[in-house]
Amino acid sequence: MSTSAGIRFGSRELIDLLVAWVALGVAFAVFFAGGGTGFLQGLLAGEGLALLVVSLSTAGVGFLLHELAHKVVAVRFGQVAEFRADYGMLFVA
């Protein structure tokens, strides 16, 4: 369990955050590549990896900060909050 400023992260929470971050980054990369086929062609041409990195570092970081804000506010008001990924919905993304 990791701790930072009184906020604790369980191992499952960290794994779920990582999986959701990667899934969201891939979903945005596929979207901006024009779909699955465009993304796969981009990967083969070497451009898809750059798009994936940009998606992970923009939309992915935005997602992580958003979820962290939920946790910080909950803890500040004396509540317990732990992120859980909905793997069915991540597949939909």
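1. How much area does the protein expose, and what share of it do carbon and sulfur atoms supply? The protein exposes about 6200 Å², with 69% supplied by carbon and sulfur atoms. Areas follow the Shrake-Rupley method with a 1.4 Å probe; for residues, only the protein chains shown count as cover.

2. This is a predicted model: local features need pLDDT of at least 70, side-chain atom pairs count only at pLDDT 80 or more, and totals for chains, interfaces and linings use all residues. Residues are numbered from 1 along each chain as its sequence is written, and side-chain values use heavy atoms, leaving out hydrogens and water.

3. The protein has four helices and two strands, in the order β-β-α-α-α-α. These are DSSP runs numbered from the N terminus (helices: H or I, at least four residues; strands: E, at least two).

4. Of the 93 residues, 25% count as buried. Buried means under 20% relative accessible area, exposed over 50%, partly exposed in between (1.4 Å probe, protein chains only).

5. Lys71 lies in helix H3. Lys71 counts as buried because its relative accessibility is 6%. Its side chain reaches the backbone oxygen of Ala81 at 2.5 Å. Leaving aside neighbours within four places in sequence, Lys71 is in contact with Ile7, Arg8, Phe9, Glu13, Ala81 and Glu82. Contact means heavy atoms within 4.5 Å.

6. Leu65 lies in helix H3 too (residues 48-76). Leu65 counts as exposed because its relative accessibility is 55%.

7. Among contacts between residues at least 6 apart in sequence, 67% join residues at least 24 apart.

Methods:
Polar contact = N/O pair within 3.5 Å; in protein donor to acceptor, adjacent residues only side chain to side chain.
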